[in-house]
Amino acid sequence: MAHKCENSLFCKIFENYMGLQAAVFKCLRVFGQALNNSLKSISSSAQLSKSQKVTLGVFIMGIVVTKAINWAAFERRSLGKFKTTRLCWMFYKAEIAWHSLLQASIRNILLSYGIKAGTLAADDTGKKRTKRTSKIDGAHKVKDKSTGGYFNGQELVFMVLVTEIATFPVGFRFYVPDPALSAWRKKDKSLRKQGVQNKERPARPEPDHVRYPTMQSLTLDMLQEFVDAFPEIAIRGVLADALYGTGDFMDKAAAITGGAQVISQLRSNQKVSNRGHSEAALKTYFARQKGVQAQLMIRGGKEEQVTIQAARLYVKAHGKRRFVIALKYEGEEDYRYLVASDMSWRHTDIVRLYTLRWLVEVFIQDWKAHCGWNRLSKQQGADGSQRGVILSLLCEHMLLLHPEQFVLLKNKQPGMPVGCLIERLNAEALLNTVKAVVESDDPDNELQALTLALEDTLPKRESSRHMAGRDLGRQEATDTLKAHAQKFELLDAA
């Protein structure tokens, strides 16, 4: 009985004091109920209790209003009603079916928008951490794409579903390289610089792909998981960058998705041949003839001038014939080389489909900027990292089902970006708060109560920049040492 009363009180506190964000709460209440219904369809044991729904609501609301997963910030924004210690306990100890939450949320979106088909796009991204991260799971040396250097951090592989209505995340995996292989590469590179011959350097160790799967394997795992969970969704294509342009990945992805078009990229030095002719590098092969000028529609919007060449070539590394397309945008000097698994498509349709791959990068940028996990997400252990990403993706899904966004997308109008939706929610919440104070029976007391709550909650930190109240030491010459200083000056002059 005590536990039931506590839950009831908890819900009441949530509704009363998080009313500061009433606009967000209304959207969350609908989202939470729909999410729970989807969980029931997956497993009756996975459904959320009333307390768990409130818990998830607090987490997602906190992300919306703070753009971080930070328990202390959540406590401040709830005017101290949700304590940091309790939020942390709920995150790690509450018996929530975390492994089913994302799947249930995806199902909710598919049903809400009536989505029947789409294209899956994959890409990876890194999250920079401090140099010492003993409690952050999976932190390792990551290549910095922007600078060409390296940083210590975590790497994730994301998969998004691109449909005629909306684009949203449907899966993620943390990537951790094999430490034995990484150590060998580092030592081998050092020995190469020293001029040590190949036979005298240590042999490459056998990679442990079971414990440390590759990014390609993680993406194939996500593809299989999506197809198994949503067999009614027709997959038209699978898009990925050059990292995934291997024969093994393309064949397996096509098999998993029932023959969907798989498009990736090849390197310019990869060997190809055609009709019994000798092998040649892609760059050499397509340099033999001049490309065709054409207008390419980019992501169903504006058109751009491009130069295209296409041929069905035998790709040596794949061991079979593929549809290879050389593409160059206006102003570019070098071609990029697309490769497609299904050779029955027109080359223009392949190129148009591949332009959608850019949408996964747009999602990653939005997600990093607004959905919390990329800022102050210091949750410890594997569970902390996994659950933090799940919460941030649920926030992304909730915003996709926001009433204004839903109306726009259902009527085939351009949707609003995540940042815009969050700004509108916070502005609406502020207006609701002011309205509640003004329309109350005793506005003065309501305003005073709100002011006191804010004063009690907002932290008062000491600045290390200002020196008031600190001992700065004696900052003047000492009379007894002036004679010594003059003596040294005379000696130096002599």
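**Figure 1. Lysine 67 sits in the loop that joins helix H3 (50-66) to helix H4 (71-77).** This is a predicted model, and our tour of it starts with the backbone of this loop. Lysine 67 is not a glycine, yet its phi is positive, near 55°. The side chain is neither fully hidden nor fully open: with 21% relative accessibility, lysine 67 counts as partly exposed, because the buried class ends at under 20%.

**Figure 2. Lysine 412 occupies the loop between helix H14 (403-410) and helix H15 (418-438).** Here is another residue to check on a backbone torsion plot: lysine 412 has a positive phi of about 60° without being a glycine. Is lysine 412 buried or exposed? Its relative accessibility is 75%, so lysine 412 counts as exposed, the cut-off being over 50%.

**Figure 3. Histidine 402 is found in the loop between helix H13 (381-400) and H14.** Despite its place in a loop, histidine 402 has a relative accessibility of 7% and therefore counts as buried. Which residues does histidine 402 touch, leaving out those up to four places away in sequence? They are Cys27, Leu421 and Leu425.

**Figure 4. Leucine 87 belongs to helix H5, which covers residues 84-93.** With 0% relative accessibility, leucine 87 counts as buried. Beyond its neighbours within four places in sequence, leucine 87 makes contact with Val58, Phe59, Trp71, Phe74, Glu75 and Phe82. For a sense of scale, pick out glutamate 206 as well: it is 119 residues from leucine 87 along the chain, and the two C-alpha atoms are 43 Å apart.

**Figure 5. Helix H8 runs over residues 215-229 and has many neighbours to look at.** From first to last C-alpha, the 15 residues of H8 reach 21 Å, close to the 21 Å expected at 1.5 Å a residue. The buried residues of H8 are Met215, Gln216, Leu218, Thr219, Leu220, Met222, Leu223, Phe226, Val227 and Ala229. What covers these buried residues of H8? The cover includes two helices, H6 (98-113) and H9 (247-256), together with strands S1 (117-128), S3 (150-162), S4 (167-175) and S5 (234-239).

**Figure 6. Helix H17 takes in residues 479-493 and is hardly covered.** Of the 15 residues in H17, the count of buried ones is 0. The end C-alpha atoms of H17 lie 22 Å apart, which agrees with the 21 Å that its 15 residues should span at 1.5 Å a residue.

**Figure 7. The whole protein chain, with 17 helices and 12 strands, puts the close-ups in context.** Its radius of gyration is 29 Å, well over the 23 Å from the globule rule for 494 residues, so the chain is more spread out than a compact globule. Along the principal axes, the C-alpha atoms fill a box of roughly 90 × 85 × 45 Å. Buried residues account for 46% of the 494 residues. When contacts between residues at least 6 apart in sequence are considered, 65% of them join residues at least 24 apart. The exposed area of the protein chain is about 27500 Å², and carbon and sulfur atoms provide 51% of that. If you are thinking about electrostatics, the chain carries 71 positive and 51 negative charges, and their mean positions are 5 Å apart.

Key:
Residues are numbered from 1 along each chain as its sequence is written. This is a predicted model: local features need pLDDT of at least 70, side-chain atom pairs count only at pLDDT 80 or more; totals for chains, interfaces and linings use all residues. Side-chain values use heavy atoms; hydrogens and water are left out. Helices (H or I, at least four residues) and strands (E, at least two) are DSSP runs, numbered from the N terminus. Buried means under 20% relative accessible area, exposed over 50%, partly exposed in between (1.4 Å probe, protein chains only). Contact means heavy atoms within 4.5 Å. The radius of gyration is taken over C-alpha atoms; the globule rule is 2.2 Å times the number of residues to the power 0.38. Accessible areas come from the Shrake-Rupley method with a 1.4 Å probe; for residues, only the protein chains shown count as cover. Lys and Arg count as positive and Asp and Glu as negative; His and the chain ends are not counted. The place of a charge is taken as NZ of Lys, CZ of Arg, CG of Asp or CD of Glu. The expected span of a helix is 1.5 Å times one less than its number of residues.
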